[in-house]
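Me: I would like to go through the labels attached to this model one by one, and to see what each of them rests on.

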Amino acid sequence: AMECIGHAGAALGILSKNGIVLAAEKKVQSKLLDNEFNGKHSDTSCEKMFKIDDHMAVAVAGLTSDANILINWARTVAQRHTLQYQEPAPVELLIQGLCDMKQGYTQFGGQRPFGVSFLFAGWDVYLGFQLYHSDPSGNYAAWKANAIGSNNTAAVSMLKQEWKEDLDLDQSILLAIKVLLKTMDSSALSPEKLEFSTLTLNEDYKPRFRILGAEELNKYLQQAKEIQEKEDREKEKKKEAEKGK
């Protein structure tokens with residue numbers, strides 16, 4: 001199961017002071033796919049991002065078919081909790097139940113573990129914005145930033161160096177682009193190769209999950225490119241200055 005996740009497309013989550021960013025590498029789809037109908041009644045238009053409830057979403061690395069089973073279970077439990085208690089389910093409570101289910105499949109012969117890792121983004125009135133990671137064993141933990149999928153070690157190492165407490169949402173999106181640019185096999189990023197989503201609070205102090213469109217994502221990619229070029233020029237100047245000494 002862990003081997004399967006290691007070969008999956010990269011996904012990462014970043015906690016900022018005013019929201020959470022989920023970003024993922026998307027496999028380039030065939031031109032023959034009908035995107036007009038894919039996703040009208042399902043999540044097939046998005047390969048890696050899924051909404052569980054208004055206050056919670058998840059990024060996936062691994063077998064999407066396995067992920068669908070667990071995500072549908074979590075959605076059902078979330079709606080039951082809302083119906084019974086007239087409030088959204090606490091984020092950690094929902095994740096704990098899902099991880100208990102995952103762990104059960106590791107205990108008995110004749111069953112295989114779910115071959116999928118999750119990055120959960122959530123908000124509740126108790127703990128505010130939260131980012132959790134869970135793996136096929138059923139373990140889970142809260143993180144400020146984390147990465148799963150291919151090249152996740154390099155991505156996590158980069159996040160350790162670059163993440164700061166006072167990052168806002170826009171800075172977190174640019175950081176996610178920077179990390180994916182360094183860890184993905186592709187030399188140039190485009191909206192067709194990426195999926196980005198955000199979880200924020202609206203004016204009424206209610207959580208809002210949103211997947212970034214191609215046009216908006218393209219603006220961030222252009223901005224990230226300009227920042228990278230500026231950093232490269234500064235490095236060149238430093239090298240020249242050192243040579244002059």
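The exchange below sets values against their definitions.

Me: How do you know how far to trust the coordinates, and where is confidence lowest and highest?
Reply: This is a predicted model, in which local features need pLDDT of at least 70 and side-chain atom pairs count only at pLDDT 80 or more, while totals for chains, interfaces and linings use all residues. Residues are numbered from 1 along each chain as its sequence is written, and side-chain values use heavy atoms, with hydrogens and water left out. The mean pLDDT (the predictor's confidence in each residue, from 0 to 100) is 88 for the chain, and 91% of its residues reach 70 or more. Confidence is lowest in helix H1 (residues 2-6), with a mean of 69, and highest in strand E6 (residues 128-134), at 96. Where pLDDT is low, the predicted coordinates should not be read in detail.

Me: What makes up the secondary structure of the chain, and why is the chain called as compact as a globular protein of that length?
Reply: The chain has six helices and 10 strands, where helices (H or I, at least four residues) and strands (E, at least two) are DSSP runs numbered from the N terminus. The radius of gyration, taken over C-alpha atoms, is set against a globule rule of 2.2 Å times the number of residues to the power 0.38. For 245 residues that rule gives 18 Å, and the chain comes to 19 Å, which is close, so the chain is as compact as a globular protein of that length. Along the principal axes, its C-alpha atoms fill a box of roughly 70 × 45 × 40 Å.

Me: Why is Ser172 called buried or exposed?
Reply: Buried means under 20% relative accessible area, exposed over 50%, and partly exposed in between (1.4 Å probe, protein chains only). Ser172 has a relative accessible area of 0%, so it is buried. This residue lies in helix H5 (residues 169-183), and, leaving aside neighbours within four places in sequence, Ser172 is in contact (heavy atoms within 4.5 Å) with Ile14, Ser16, Val21 and Leu167.

Me: On what value does the label of Ala224 rest, and what does Ala224 touch?
Reply: Ala224, found in helix H6 (residues 214-244), has 14% relative accessibility and therefore counts as buried. Not counting residues up to four places away in sequence, Ala224 touches Leu174 and Ile177.

Me: What makes Ser197 count as it does, buried or exposed?
Reply: Ser197 is at 1% relative accessibility, and therefore counts as buried. It lies in strand E9 (residues 194-201), and its contacts, not counting residues up to four places away in sequence, include Ile20, Met49, Phe209 and Leu212. Across the chain, buried residues make up 45% of the 245 residues.

Me: What sets Asn151 apart in its phi value, and how is its exposure classed?
Reply: Most residues other than glycine have a negative phi, and most peptide bonds are trans. Phi of Asn151 is near 55°, a positive value in a residue other than glycine. Asn151 lies in the loop between strand E8 (145-148) and helix H4 (152-162), and its relative accessible area of 40% is why it is called partly exposed.

Me: Why is Tyr205 called buried or exposed, and where does Tyr205 lie?
Reply: With a relative accessible area of 57%, Tyr205 is exposed. Tyr205 lies in the loop between E9 and strand E10 (207-211), and phi of Tyr205, near 65°, is likewise positive in a residue other than glycine.
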